[in-house]
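Okay, thanks for making room for me on the agenda. Let me put the structure up, and then we'll walk through it together.

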Amino acid sequence: MSLTQEQILALAEHLENAELAPHDVKKVTDDYPDMDFHDAYAVQEAIRARKEARGTRIVGMKMGLTSRAKMQQMGVDTPVYGFLADYFERPDSGEIKVSELIHPKVEAEIAFVTKKALRGPGCHVGAVLAATDFVIPAVEIIDSRYENFRFDLVSVVADNASSSRFVTGTTMGDPAQLDLRNMGMVLEKNGQIMELGAGAAVLGHPATSIAMLANMLAERGQEIPAGSLILSGAVTAAIPVEAGDSIVMRAQGLGSVSMRFV
Amino acid sequence: MALTDQQIQHYGDELYQALRHRRTVAPLTEREADISIDDAYHISLRMLEQRLADGERVIGKKIGVTSKAVQNMLNVHQPDFGYLTDRMLFANGDEMPISEQLIAPRAEGEIAFILKKDLVGPGITHAEVLAATECVMPCFEIVDSRIRDWQIRIQDTVADNASCGLFVLGDRAISPRQLDLVTCGMVMEKNGQICATGAGAAALGSPVNCVAWLANTLGRFGIKLEAGEVILSGSLVPLQPVAAGDHVHVSVGGLGTASVRFV
């Protein structure tokens, strides 16, 4: 840790303001080059605390930078996590206002809903599948608060892993019946296929990502509570969207998810 | 101006010799500035005639250059097709001897269609393709180029039997009624490491579109897709260069797996 509690709270306010009154900011490591992961997650937790103090519910977590495509796109090699607030959600077939966002991008994901708490260290794929109530297809709308999506790992963690909005489908999948590794996902913008992939794009298997999350949280004395929604990470590269765009994501055996950007 | 019959025969024979002796030739498009795609298909037919004269038998067809990834990699922006012969088929998991049969091979994960009815284009619908399909199988197509350093334009690859090399059918065959061919995912591994993932939609939006395209394109040449034929519908992941010692494995969600070892 290199930051004082005062600096952590100030950075949390700075980054949350950039989210709430959408505007981009310089990455935080420009001013605090010695910041480490502990500082960054402390900032993220302070943002979370600010929201909870206002009555916002935290409904789950997200994993980020889990796919090779994503790591290449961002020039990094370690996953990160963030939290999901209740107001991040938009309904399937609904609208998303771009005026509330900075430079949104969408990506196809498999979301897990847990029925038991998951606690690391030592959390493994078997434990994840046993604790999973169901999976559902999801589109995550990421929106880094940093200029031009340019950041390092520490900065992105402080910025709640670029979380901003998410939409889930309504077809529930039983992980015991699904081959999540080979599940295909196709992402279309305005009727054109833009990106596609299979579950293995997420750390070899999406459940690996959830186990890794439990183990990363354990390092901070935290767990994944039962009833959490967890976005396991992008199966496809992220594609930019703007007002007027329509997005459809189709997942093998799990129907589709759609949204319009207005 | 179209190539003369003599030129077509010359290039067809040249490519056949290149195939047999594992050597490459200069791109035809370097030597014949006006070569058309029709000329190229005639050259490929000449090459095929030589293979048939040598005792090979046609067992199916392949569609190539169907995915955005492959189109970008080759800078070719339309599909093409070639012929599959009995000698090109290897068993799942087999060793493929690069030193005996291939030049600069690349592996493509695909879905193969086995037909139970003829498809005679033009005018073939997607529903007719599905109705005529006995089963689909995971497969590897090992593409290879008899053109120097893969320096191909569309006419070069068409003339060279759509850069087809060898192929392997996978471990499972299922009815297309049991699979969503658009969303089925594909995971490709080389030497135990995941190198790409994809889905059926990578091939012209759906592998079914590819087979319909082939039936309709060949229909204009008076050629049909025949009951019993194997149709390779196009790569769902980027081409993966392979060398002796490599092992490639592909899995398709809801379908099965295929693998090849190169020696």
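So, the interface of chain B and chain A: the rule finds 8 residue pairs in polar contact across it, both residues of each pair being at pLDDT 80 or more. Keep in mind that this is a predicted model.

Which parts of chain B supply the side that touches chain A? Strand 8 (185-190), strand 9 (193-199) and strand 12 (247-252) of chain B each bring at least two residues to it. Strand 9 of chain B gives the most, with 5 residues. By type, the residues on that side of chain B split into 10 nonpolar, 9 polar and 2 charged.

On to charges. The rule finds 1 salt bridge across the interface of chain B and chain A. If you want to click on a salt bridge, try A:R181 with B:E189, where the closest N and O atoms sit 2.4 Å apart.

Now for the area. People often quote the size of an interface as the accessible area lost when the parts come together. Here, about 1400 Å² is buried between chain B and chain A, and carbon and sulfur atoms give 57% of that. On the chain B side, B:T183, B:I194 and B:T197 lose the most area to chain A, and together they make up 34% of what that side buries. As for head count, chain B puts 21 residues into the contact and chain A puts in 20 residues.

Let's move to the cores. In soluble globular proteins, nonpolar side chains tend to be buried together. The largest nonpolar core in this model has 91 residues, and the ones touching the most other members are B:I43, B:I111, B:F113, B:L119, B:F140 and B:L225. What does B:L225 touch, once we skip residues up to four places away in sequence? The list is B:K61, B:L115, B:K117, B:D118, B:L119, B:V211, B:L214, B:A215, B:L218 and B:I231. Apart from that core there's another one, with 85 residues, including A:L84, A:F88, A:V202 and A:I230.

Last stop, B:Q7. You'll find B:Q7 in helix 1 (residues 5-21) of chain B. Is B:Q7 buried, or partly exposed? B:Q7 counts as partly exposed because its relative accessibility is 26%, and the buried label needs under 20%. The side chain of B:Q7 reaches the backbone nitrogen of B:T4 at 2.8 Å. And going back to B:T197 from the interface: B:Q7 and B:T197 are 190 residues apart in sequence and 42 Å apart in space, C-alpha to C-alpha.

That's my tour, happy to take questions.

Technical notes
Residues numbered from 1 in each chain as written. Chains lettered and ligands numbered in written order. Predicted model: local features only at pLDDT ≥ 70, side-chain atom pairs only at ≥ 80, totals over all residues. Heavy atoms only, no water. Core = buried A, V, L, I, M, F, W, Y, C linked by side-chain atoms within 4.5 Å. Buried < 20%, exposed > 50% of the residue type's maximum accessible area, 1.4 Å probe, protein only. Contact = heavy atoms within 4.5 Å. Buried area = accessible area lost by both parts, 1.4 Å probe. Salt bridge = Lys/Arg side-chain N within 4 Å of Asp/Glu carboxyl O. Polar contact = N/O pair within 3.5 Å; in protein donor to acceptor, adjacent residues only side chain to side chain. Helix = DSSP H or I, 4+ residues; strand = E, 2+ residues; numbered from the N terminus. Nonpolar A, V, L, I, M, F, W, Y, C, P; charged D, E, K, R; others polar.
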